[in-house]
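The following report describes a structure through its backbone, its chains, its domains and its cores. Please read it alongside the sequence and the coordinates.

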Amino acid sequence: MMKKKSKLVSYAKWGYIFLIPFFVTYLIFSLIPLVSTFYNSFFENYMVGLMKVGPKFIGIDNYKAVFLHSELLTYLKNTLIIWAMGFIPQIFFSLLLAAWFTDLKLRLKTGAFKTIIYMPNLIMAAAFSMLFFAMFSDSGPVNNLLTYLGLPSYRFLSEVAGTRGLIAFLNFLMWFGNTTIILMAAIMGIDGSLFEAARIDGANSWQTFKRITMPLIKPILAYVLITSLIGGIQMFDVPQILTNGEGNPNRTSMTAMMYLNKHLFSKNYGMAGAVSVILFIITCILSIFVFKFITNDPDKIKVKKKKKGGSL
Amino acid sequence: MKKKLVSLLLVCIMAMMSLVGCGTKKPAVATQTPENQGKVLNIYCWNTEFQDRFEYFKKSGKLPADMKVNFIVTPSANNAYQNALDAALLKQDSAAADDKIDLFLVEADYALKYVNSDYSIDVINDVGLTKEDVAGQYQYTKDIVTNTSGVQKGVTWQATPGLFAYRRSIAKEVLGTDDPVKVQAALNGWTAFDAVAVKANKLGYKMLSGYDDSYRTFSNNMAAPWVDKNNKIVVDANLMKWVDQTKTYTDKSYNNKTSLWDTTWAKDQGPTGKVFGFFYSTWGINFTLLGNSLATPTTEGGKAEVGNGIFGDYAVCAGPQSYYWGGTWICAAKGTDDLPVIKDLMYTMTCDSATLKSITTDTQDYTNNVAAMKEIAASSFKSDFLGGQNHIALFSEVAPKIDMSKISPYDQGLNESFQNAFHDYFNGKVEIGVALDNFYKSAIEKYPNLSR
């Protein structure tokens, strides 16, 4: 009995051992803060200068304050609008570039391009925003150029469209390279024989793209959409720096995270906790919804295709 | 096999690198142990002004040669400086002796917050200055840092009456004179000021650069402090006057739509600027205006002399309404281990009339010694930057009039929120009521204990 056991070498334990660092890090840096955020959201607890108020248990008063007296919903709407303004062009250009770069007929040398389009992502968002802040300021180079060309100058950061547009443009610039590379990987993962078969059948580039590429990269598209959405809800550094933390004009570029940051200004752990919990729930719901919606689709498309094939 | 060797090699290198990392870190920690107590002076501040002034203390020879001076600079915008200082002060008790804050600087806008806390200490009984030492200072500079029980907790080397710095060349064109007395006569009171704005506009000049320029002249003349006894925010009628005036100036393009401290604002003060004048305070002349007026900055080899940009084209007058702006107080932090040095520093920089006189004559800053300033005012001292004007004479007249009785610990945060909220109104983006709402929102986010 004993001999038998010693002969069996259990490799399974190594799996657990190697997983320990992850779980320890996750516990310390993610789970405990997460739980303590929930806990903190039920307390009145803030600093006024050097004076501490609380912590005092106040039940769901913080949540009431967020829903009744704050404009979190407006800020969420701002966030989503700015995110969509950046994401739509981002997915369009990424798909286009990914399709071109992977197209064997075009025979593009893509190495340099891939590096260049990824570049903006390597720059710190804060530095990038500072650059844009200077470039698009009232007497900055962009306005000088406009005046030089005989066009009227535009006060980008005093206009709703200008400010939101710049934030969206920055997000687009920073992330389209990343998305392109992910989509390229997805397209290259498709069996080449499918494209070959389509070409033999006489499909043009658009048809190939629409009927073969798109359906097969749907899961990756879902992944891109979800990660971008979650990233979008957490949009903070670009608008914070571009608008000096105020979400000008008239708080129309104030994102939900910037609002959260406003509470951290006075170390208002209670209100900040409540806002965080709400954002957490919203993120969860959105993720589940989008994930379900998109991952279900390929099957439906297959069914449709079969039906079509049948009727022909 | 080869692959295994390579990976083994990589692992070894990584392990070595992490060990090397430890090796270099350890001695660094060792130097921080409190074996050399009282040899480090940690100073919290928000810009480099004090660092420049500190040279005078070094020159006095009272700074121990082996003393290490750390300036911890955090810019003050968005309360960043106060937040950094608060965080450090809250850790003061547990910090190692050499990591403790020894000195910190405060501005009039929030001096009360620190003066009324236990983190600042008595400059007379704890630091060791005498009542006679500080007797020569302007009374208001002592009042502002005196807490509710009458203990003085800070000292300053400067007095900061507000002023209006105007361009001599533009004044000549608009008013026919650049003489400070005559210009002051033309700008005396807001009605006169507005009339000059109209004239300047007709000749293609802007009266002011931006929205916030005249803010301080209104906010310093409020009827009551920002926050009343019930922690309610009170928007003073005088502030609404600022709103109305600035809206008019913006709509009629008497200003250039800039914000305080932004690059366009700074450019307006330079050779290409078309702005009549700027509201400033004494420190602004040498710390900001001089640098902005040069065509070739000193960092690029330019010299601060006539011929470089518009050096010499500015002059100062009291302006339409008396006010003050800023001022930097030196406070000693509770728990400091460098009291003797701090005493010497406070004495040299704020009580020693010889040092204060040389600061004024070298840098044109207005320093905190009534007698010394009167002496310079009566002398033949003149500022080349201000076209030969003896501006000290002007300040020694207005400095005793400064009234800081309406300050509150919330001034900086509320002033910033108020200015910012109304930029949207000036830009024509929102109605006045919405701007006011936005101000309250921002204010209560900053100070949850306040109410509307």
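A residue is called buried if 20 or more other C-beta atoms lie within 10 Å of its own, exposed if 12 or fewer do, and partly exposed in between, with C-beta atoms placed from the backbone. This is a predicted model, in which local features need pLDDT of at least 70 and side-chain atom pairs count only at pLDDT 80 or more, while totals for chains, interfaces and linings use all residues. Residues are numbered from 1 along each chain as its sequence is written, and chains are lettered from A and ligands numbered from 1 in the order in which they are written.

**Backbone features**

Helices (H or I, at least four residues) and strands (E, at least two) are DSSP runs, numbered from the N terminus. Three places in the backbone are listed here.

| Place | Feature | Value |
|---|---|---|
| A:Asn248 and A:Pro249 | cis peptide bond | omega about -15° |
| B:Ser253 | positive phi, not a glycine | phi about 50° |
| B:Lys257 | positive phi, not a glycine | phi near 60° |

A:Pro249 belongs to the loop between helix H12 (237–242) and helix H13 (256–265) of chain A. In chain B, the loop between helix H11 (237–251) and strand E6 (255–258) holds B:Ser253, which is exposed because 11 other C-beta atoms lie within 10 Å. B:Lys257, by contrast, is in strand E6 of chain B, and with 19 C-beta neighbours inside 10 Å this residue counts as partly exposed.

**Chain A as a whole**

Chain A has 14 helices and 2 strands, and its C-alpha atoms fill a box of roughly 90 × 75 × 40 Å along the principal axes. Its radius of gyration is 25 Å, whereas a compact globule of 312 residues would have one near 20 Å; the radius is taken over C-alpha atoms, and the globule rule is 2.2 Å times the number of residues to the power 0.38. Of the 312 residues of chain A, 29% count as buried. Two residues are in contact if their C-beta atoms, placed from the backbone, lie within 7 Å, and of the contacts in chain A with a separation of 6 or more, 70% come from residues 24 or more positions apart.

**Where the chains meet**

The contact between the chains takes 25 residues from chain B and 20 residues from chain A. On the side of chain B, the elements that give two or more residues are helix H3 (80–90), helix H12 (263–268), helix H18 (411–426) and helix H19 (432–446), and H19(B) gives the most, with 4 residues.

**Domains and cores**

Domain bounds come from an automatic or database domain assignment, which for chain B gives domain 1 (40–159 + 326–376) and domain 2 (162–323 + 410–446). The C-alpha centres of these two domains of chain B lie 28 Å apart, and their contact takes 10 residues from domain 1 and 10 residues from domain 2.

A nonpolar core is a set of buried Ala, Val, Leu, Ile, Met, Phe, Trp, Tyr and Cys residues joined through C-beta atoms within 7 Å. In the largest one, of 96 residues, B:Ala111, B:Ala165 and B:Met346 touch the most other members. Helix H14 (residues 339–350) of chain B gives the most to this core, with 6 residues, and the core lies between domain 1 and domain 2 of chain B because both give residues to it. Apart from neighbours within four places in sequence, B:Met346 is in contact with B:Val123, B:Val127, B:Leu129, B:Val155 and B:Ile330. A second, separate core of 39 residues includes A:Met47, A:Ile82, A:Leu157 and A:Leu242.
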